[in-house]
Amino acid sequence: MTTNELWSHVKPGPPDAILALSEMYAKDTSEKKANLGIGAYRDEHGKPWILPAVQMAKEQLIKDPQANHEYQPIAGFPPFTAAACRLLFGEDAASIKEGRLVVNQTISGTGANHLGAVFLHHFYPFPNGEKKIYVTDPSWPNHFAIFKAAGLKPELFPYYDAATRSLAFDRMVAALQNMPDGSVVLLHACAHNPTGVDPSESQWREIAEVFAKKRLFAFFDSAYQGFASGDPAKDAFAVRLFESRGDIPMLVCQSFAKNAGLYGERIGALHVVTASPEQAEAVNSQLNLITRSEMSTAPVYGARIVAKILTEPELRAEWNRNIQTMSQRIIEMRHALFDKLTQHFKTPGTWNHIIEQTGMFSFLGIDEDQCQRLVSEGHIYLVKTGRISMAGLNPGNVEYVAGWIDKVVRERANL
Ligand code: LMR
């Protein structure tokens with residue numbers, strides 16, 4: 001077979017729904033262009049931000065002869081995994097104190113979702129043998145790709161109500177109650193991606209009751225801890241509630257891409273809560289076997305940075321200020337966009353959802369055609385579901401973006 005014959009049947013796949021937008025944005029020569037596609041923090045000038053806490057950690061690391069480039073244990077850089085689980089579950093978490101929590105360093109949140117899914121595929125007793133994972137409708141597009149690649153079958157369950165632009169709480173709970181006992185369910189720990197709509201604390205309590213009653217397995221994705229509200233404990237409410245009850249089987253995928261601005265360093269962890277130190281040892285050993293076959297050991301640089309910013313008091317205090325800066329700027333931009341639409345342009349419709357949603361994204365409630373016009377005519381890059389990254393807005397572009405939203409909304413309504 002010639003090389004030509006060998007690959008002639010391979011056709012290009014579809015572009016990535018989120019990452020392709022950044023490429024289009026980079027090629028666009030318009031001075032007005034705005035990148036509201038990828039969820040990556042930008043400062044008030046639209047530039048990437050190296051967190052000062054991270055910068056301080058990097059400066060210390062470069063001078064530290066102990067910070068060598070040796071292989072790490074398969075489960076990851078120990079100071080990182082020890083600090084990461086305390087950030088997530090709290091210093092007093094029973095599963096940590098009792099030695100029944102397993103933590104494995106991963107290639108950011110994507111790697112944690114992957115490792116968790118592969119582990120469940122091998123070892124979880126799925127009801128009726130069907131390897132299903134119930135995923136919020138909608139969810140981060142990559143969840144579906146990751147779970148399918150790991151051999152799981154993602155199936156949607158109600159989460160978001162498009163008519164009211166809020167949580168479809170009753171339908172969500174009814175769906176959970178109707179799932180086979182022991183089903184695996186993906187939950188976003190906070191700052192739901194893409195909708196920005198989270199359950200309230202009392203709703204989380206009700207959800208936890210259903211999980212316990214039905215022995216549902218909680219597969220948490222925690223990508224925005226501290227980034228959403230500026231307070232890591234507040235953003236970990238759901239994870240800590242589920243863990244502290246002790247009657248809900250669970251794992252948590254953790255990412256430091258957003259809350260430490262370490263997007264490209266790919267630093268994260270998978271946390272599996274087990275019932276005993278013996279189980280923890282066995283689960284850890286199986287996770288290590290998967291990791292060894294896929295990447296041997298995780299990269300250490302991001303892990304060293306995160307371990308420092310979480311454990312050294314001066315750096316931790318700086319990081320606390322940095323997450324406040326990021327979350328506050330995003331909240332300010334929500335208000336700025338809301339004000340421009342409601343007061344400046346008097347855009348038809350209701351826009352309260354923009355200030356009620358939380359975290360990196362706003363789900364605008366405009367349709368695919370309207371999004372397409374924003375991209376092709378307005379040079380405003382956003383996901384075709386109407387999700388915008390609030391971090392892409394700044395005082396210099398918010399009126400321009402609001403103007404285009406106003407235009408496509410009015411033209412649709414013939415106003
Ligand atoms: C996003 O949803 O934009 C981010 O989580 C980046 C990504 O990897 O998709």
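Me: What is buried area?
Reply: Buried area is the accessible area (1.4 Å probe) that two parts lose on being put together, summed over both. This is a predicted model, where local features need pLDDT of at least 70, side-chain atom pairs count only at pLDDT 80 or more, and totals for chains, interfaces and linings use all residues. Residues are numbered from 1 along each chain as its sequence is written, and side-chain values use heavy atoms, with hydrogens and water left out.

Me: Which domains does the protein chain have?
Reply: Domain 1 is 15-49 + 328-413, and domain 2 is 71-311. The bounds come from an automatic or database domain assignment.

Me: How much area do domain 1 and domain 2 bury between them?
Reply: They bury about 1500 Å², 60% of it on carbon and sulfur atoms. Thr358, Phe361 and Phe363 supply 34% of the area that domain 1 buries against domain 2.

Me: How many salt bridges does the rule find across the interface of domain 1 and domain 2?
Reply: Zero. A salt bridge needs a side-chain nitrogen of Lys or Arg within 4 Å of a carboxyl oxygen of Asp or Glu.

Me: What makes Gly39 a polar contact of the ligand?
Reply: A polar contact is a pair of N or O atoms within 3.5 Å; within protein, one must be able to donate a hydrogen and the other to accept it, and residues adjacent in sequence count only if both atoms are side-chain atoms. A backbone N or O atom of Gly39 lies 2.8 Å from an oxygen atom of the ligand, so the pair qualifies.

Me: Where does Lys258 stand by that rule?
Reply: An N or O atom in the Lys258 side chain is 3.0 Å from a ligand oxygen, so this pair qualifies too.
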